Structure formats: C-alpha cells, structure tokens
Amino acid sequence: MDIDPRICVNVAVNDEDVHNIVLSYLVHNCFTGTMESFIACTGVKQPADHLVDMEKRKRIFHSALDGNALKAIELMEEFTPGLLEKNKDLHFDLLSLHFVRLVCSRRCNEALGFARTKLTPFGKEQRYVEKLEDFMALLAYEEPEKSPMFHLVSLEYRQHVADSLMRAILEHANLPSYSIVERLIQQATVVRQCLSQEFGKDGHQPFSLKDFLKS
Amino acid sequence: MGGVEDDGPPSKRVKVSSGALGGLSKGTSHREQASCSLSDLMAQPLASQGKDEVVGSKGVVKKVELVRIIAEALYSLGYKNTGAHLEEESGITLQSSVVNLFMQQILDGKWDDSVATLHKIGLMDEAIIKLASFVILEQKFFELLDGEKVMDALKTLRTEIAPLCINNDRVRELSSYIVFPSQNVLDISSDKEARLKSRKKLLEELQKLLPSTVIIPERRLVHLVEQALDLQRDACRFHNSSVGEMSLFTDHQCGKDKIPSQTLQILKEHGDEVWFLQFSHNGKYLASSSSDCLVIIWEVKLDGRVSLKHRLPGHQKPVSYISWSPDDAQLLTCGVEEAMRRWDVTSGECLYIYEKSGLGFISCGWAPDGKRIFSGVTDKSISMWDLDGREVECWKGQRTSRISDLGITRDGKQLITVCKETTILLFGWESQSEKLIEEGQNIVSFALSEDSKFLLVSLLNQEIHLWNIEGAIKLVAKFKGHKHSRFVLKSCFGGLDQAFIASGSEDSQVYIWHRISGELVFTLSGHSGAVNCVSWNPTNPHMLASASDDHTIRIWGINRVSLDHDDRHSNGIHYCNGGT
C-alpha cells in the first residue's frame, strides 16, 4: 500500500523550514563556500560563529580521511582539548590510522616502534585486544592490501573513522550528530517500512528510499 | 658377518635365513650406492637390492623395510654404532642421504639450507612441502626473536612465512609475538641444550608431517610389537586377569585357571526356586529373589565369602527383577504384576511401596542420577517415578510386554524393553525416538553391557544373540550350546572387560563363552535343577553367582590352591604363559 501522493499535496511546507534544513546540512558537512553562497542567495540568517568551527572541523575531517592521523590529533588537541582522553575508542582508531599509514609506506621499523609505544598500552583492556591483533597482523604482509586484513587499509575504513570523529566533535560542541535532513530521511524510511510491513504482507515489496526518490 | 657366501654376484636374490642379513659384500653395496643418482634416491630412498625381497614365511614382510625399522630401533635405543654397522653391512640405509642431510641441517639450525633441501627430497604433495617449510621457518622466527633480532624475525615473517599463504591465523599470532615480546611462549634461551631439545622437537613434528616412507616414524618397531601384543590379548580365549607380564618370547595364551569354575559356596537360604540374582555395582553385595516371595541381600566379604545380610519380606508375589541404585545404597524390587518396592540396603527396611491402582508392575530400573525410577506396567506402558512416590511421566502404548527386564543406558536417555514377543524397543524417552530390534524367535530376557553399547538377548530357540546398539543396530554374534526352550533363563556379561558371556541352562549347568571368538569355554556342573540366572561380579572377574530351581545359589570362583594338585577339579589342560 502506498500513500496516495495527492494526500501529501495538502501538507504545507514552509520555505523557511526548507532553508534551515539545507543550511544545517551544509554546516554539518563543512561546505563553507556553498554555505556562503546559499546565505547570499536566500538571505537566511547566518549561524553564529559556526564559520570558524566549520573550517576547523573540515580540516580535522580531511586529515583523518587522508590517513594523516597525527595532524588530526594535533588539531583536535587544539580545537577540542580533552576529547581524545575521554573517548579512548576514538583515540585508538586515530592512532591505528597512523600505524596503517606507516605499514603501507613500508616503514616497518617505525611502524613497529610506534605500535609498541602507542598502541600496546591499549592492550591492557580486553576489548581492544582483538582489534590490536588485527592491526598487528598487517606487519606480516609485504602487501597489506592483499592480506586477510585488507579492509583495515581501505578508504572505507578511514571514512568510517573520520565519520565517528565528526560525530564525537559535534557531540562535544552540543551540536546534533546527524544533520536534520539525515534525520528526516531516517524517520521517513522507518515509518514507511513499518507501514509496508503492516499492510504489505501479501507480497508488497519493502520500502526502498532509492525508488521513492526517483519517483 | 653372516654365514651366507659373499662370493655371489650382488644381483642374485638371496632368501634370507634367520641370522644372515643379505648376501652382498660390503664393497659392492657401497659402489652401487655411490653411483645412484639423486633421482634414484628420490624414487626409492635405498640403493641396490631388489626392493621386493621378502622375509618370513608369509611373504608379506619386505626385507628392506624390516632392516630399516630395525636400524631405527637400534638408533632409538641408543646403539648408534650398531645401527651404523647394520646400515653398512646390509647395504640398506635408514634414510636417504638427502634426508640425512635435511635432518642434520635442522639440528644445526641451518634453516634456509634445510628448506632448500626439503624441496630436493622429492615430495609429491605441494601442501606438505608448504606445511613443513612453515614449521621450519617458525622455528627460525622464534630463535631470532629469542636472540633479540626482532627486525630479522619480522623480515622472515614478511618475506618467507607470509608468502606461503597458509595458516593465516598462525601468521597473525606470530605478528603478535613481535609486538608483544613478553608473550613469547617458546622461550628458547641461548642455553645450547634447550635449543637442541627444541630443535629435536621440531624434527619430531616434521617426522609426523612427512610421509613415513621418507622419514620412518620413531620407535616404529616397538609400536608394531605393541600391536601384536594387543592382538594376542584379544585372541586369548581365557584371558580373565590383568596380566602385567606379557612376554615377547611366546604368544600370550592364558590357561583356563583364571575363569571361575569351582563351586566355592552353596547358599541355601531360599525356600523355593531361585529366579533372579544380581551383584551390586561395587561388587560388595548380591541380591537374590525366589518364588518364595523373599528377597535376600548377601554381603561379599573381603575374603570372598558370601554371607547373609538381610532378608526382605513383604512381597506377595515372587520377585522377578531386582535393580541396584547407582550408588548401591538402595534396592528396587518388582513382584510379578504386583507392587514395586524400594529398600535401604544398610538397614534392610522398606522405604517405599509403589502401587498403581488396578495395575501391576512388571519391571523396574534406576535412572543414572539415582533420583528417578522407571517401571514397566501390566497395561504395557512405562512410567517414570520420583523418590517421593509421584508418577512423573507415563508413556502409553505397546511399550512393554510381560518380560521383566528393563534396560537403561548409561546416559539415561534410552529405555530398553521387550515390547512384543519378538521385538525389543529402544525408547528415547525425552526425544520420543524409537528403535526396534526384530528377532525371529520369542525373546525371553536380555542384558545390557556396562558400556551400554551391546545387548545380549536370550531366545527360546536355544540361542543367545549379541547386538551392537550404538549407532546402527546390528547383530554381532550368536552363542549356542545350552538348553533353553521352556523356562525364563537369563544371561549376562562378565569377566575382565566383560570379555565373557554366561548363561543359565535347563540342563542344570552354567555355560560360559568367550565373547569375541564365540567359543564355549566352560560348562559348570553342580546344580541339580535348571539354572535360571547368572551374575558375574563386576569388580571381581573371578567370582560368578548362579541361581537355580534346586533352591540354591552357587558361588563359583577359581581354584585358589596351587595348580599342581587337585586334578579332580581341573577342567582341562593347564597352559602357562610361555608353554604349550
């Protein structure tokens, strides 16, 4: 059962709401240039001192994405002091990024030294042990990209770390960790799925966001 | 030097007589050996002699193999010189020179060389070569780590071990060892002895990995001898004592003297036909029942004498079945289609009387945990009771007939009953599974082996059938010779490792068969009425009890007097270990 699109037409959509949604998306993802253009075009109010923060967040995010973990850590010390001490998982993830970078550039000596000094202390806690072993295993392979642990040297992993980093920083700054538009999409998807499960028992396909967006 | 002529040409095949080892002269064999190319060595690791030459009357023992394992045995025993001398004199080397080199390289720690040699041995299986290389390089890795050469160890791991692409879990572990040095379990110190020991262990592991034609397993000869002794012991039809000394000089053959065959005691307390008896699990008690409705508990004293402990009156009908609790502290008795009673063994008092209105009990048995009781009932159902007298469960249907035997497997999961005249039911009471054993004749009784793997079924056509009930049910053996066509007679397992089968008979004798061979070993006379039931003491393989229509119980044992005299009692020729 699909909701009759004509019903939706009757729901009023406020322009201002839409502007805020778009703005929050841009701020959340640090698209400063785009944000400035958007503000200029629509005349919407510029969020206070978000600009500076956005720049910093952007730099931290991209450092992590590039695998330049040490840079990211340095910036974080500056921008959000104390956050890494509190969030050990995040700290570990960042350090492991640096380790991966060393291993990938075949600097084994350095990698080993770094691992022993910075990473092994985490091994005292049981929940880090397996992860630690996963990373250490990378040392054994001359071509880490082809080893059983290849996922750890992939872009997807760095993306994952960078995303968690972003969410932690936003949380620290008391900002929402998901942009409004993300939350709206999540909501709509869940509601739709519930509905199609309820009424769609006789073979209706489950809700697909992709299809909906195309329609 | 052997007594055989050395002048004959080396190619002449000489049949080996005991004492001589090959008819080749020393010089010839060495020359031949040296001229063999490496490829020959790979195909058959030994030079010269027809490799098909056989030793022994059966023609199955290859001479070359025999000499090699003898040489290995000599080396294992520490007789290096003799071993070397044998190799020289026979012209048969224990290992090919390539393998010798390989083994030496391992002991010397020349890892890279040994891996190279490994490839030259000529193994067909790539997987084995990789496994062996892995194990060797692992040793190299650990020795480097131990010598604090961390970067070298890492290099070995990266460039030599990981590229083998096997055993990734182990590779992962090795990485951990590099990063966490304290985890190093191997701990080979720079102490030379410890290092050598560790390398010897590696060699052992390699011996297991590589095919036995390449490296002969250590102590192979001793292993073969042990196998032969095992087979001899199994084949020994009268084996009923833990024999500490089996000699290699003659085949093991026990005399009949260790099987209970002498009447040691006659117990006359019952006033009528004795129908059933059974020893307790710990062999300290014997319980018997009679058509006089009495149950008696006997005590087996330390000197083997059996004496009356308790008389248990109370049943109104003859008791056809008795079951000892798993801890031997209690006794369950079942009157024929009457009540079931539970007794305390120490005091002799009746603890509980189980009754089911309008119905009678047929059989009884304990669950292995001693907390529940199973019973067959006259309406053909089976019930389960707790110790307080509550009926916990009841399985209706054609579960049991009038036969009073009830078997419960060791794991407590299966109940065994005779559900129809010619059918035995194995009932998994929790899973409701059913397995059936179909016989062609009327089943009279059955007994379950101690390990619950076998069932002994007595039939009215004068046969006793042995069934394997573990996994797929199949008939394993049949025992015949006794008389059984009218009465209810019972048979049992017994003796050391339950190697024997015993049964009563209508001709007043006790029959004993050797289980594996099926051979009738003894018939014991003495009773003057049909022997209804036999029970073999589970903890004393030399004690057997029989119950008879002549109102008595006989305790049978071995002749304790020395073998020399008392020919009256001997039942056959005496064999000792070592003579025929």
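This presentation concerns the contact between chain B and chain A, followed by the annotated repeats of chain B.

Good morning, colleagues. Please bear in mind throughout that the model is predicted.

I begin with the extent of the interface. On the side of chain B, 16 residues are in contact with 19 residues of chain A. The two chains bury about 1,600 Å² between them, and 61% of that area is on carbon and sulfur atoms. Which three residues supply the most of the area that chain B buries against chain A? They are R158(B), R172(B) and V179(B), which supply 45% of it.

I turn now to the specific interactions. Between chain B and chain A there are two salt bridges. In one of them, the side chain of R172(B) meets that of D134(A), at 2.2 Å from N to O. Seven residue pairs are in polar contact between the chains, with both residues at pLDDT 80 or more.

As for secondary structure, α8 (150–161) and α9 (168–179) of chain B each supply at least two residues of the side that touches chain A. The largest share, seven residues, comes from α9(B). By residue class, this side of chain B divides into ten nonpolar, four polar and two charged residues.

Finally, the repeats. UniProt, in an unreviewed entry, places the feature "repeat: WD" at residues 267–301, 312–353, 366–388 and 524–559 of chain B. Residues 267–301 of chain B are 0% helix and 54% strand, with end C-alpha atoms 14 Å apart. For residues 366–388 of chain B, the figures are 0% helix and 52% strand, and the end C-alpha atoms lie 14 Å apart.

Thank you for your attention.

How values were computed. Residues are numbered from 1 along each chain as its sequence is written. Chains are lettered from A and ligands numbered from 1 in the order in which they are written. This is a predicted model: local features need pLDDT of at least 70, side-chain atom pairs count only at pLDDT 80 or more; totals for chains, interfaces and linings use all residues. Side-chain values use heavy atoms; hydrogens and water are left out. Contact means heavy atoms within 4.5 Å. Buried area is the accessible area (1.4 Å probe) that two parts lose on being put together, summed over both. A salt bridge is a side-chain nitrogen of Lys or Arg within 4 Å of a carboxyl oxygen of Asp or Glu. A polar contact is a pair of N or O atoms within 3.5 Å; within protein, one must be able to donate a hydrogen and the other to accept it, and residues adjacent in sequence count only if both atoms are side-chain atoms. Helices (H or I, at least four residues) and strands (E, at least two) are DSSP runs, numbered from the N terminus. Ala, Val, Leu, Ile, Met, Phe, Trp, Tyr, Cys and Pro count as nonpolar, Asp, Glu, Lys and Arg as charged, and the others, Gly among them, as polar. UniProt positions are given in the numbering used here, feature names are shortened, and annotations may be inferred rather than shown by experiment.
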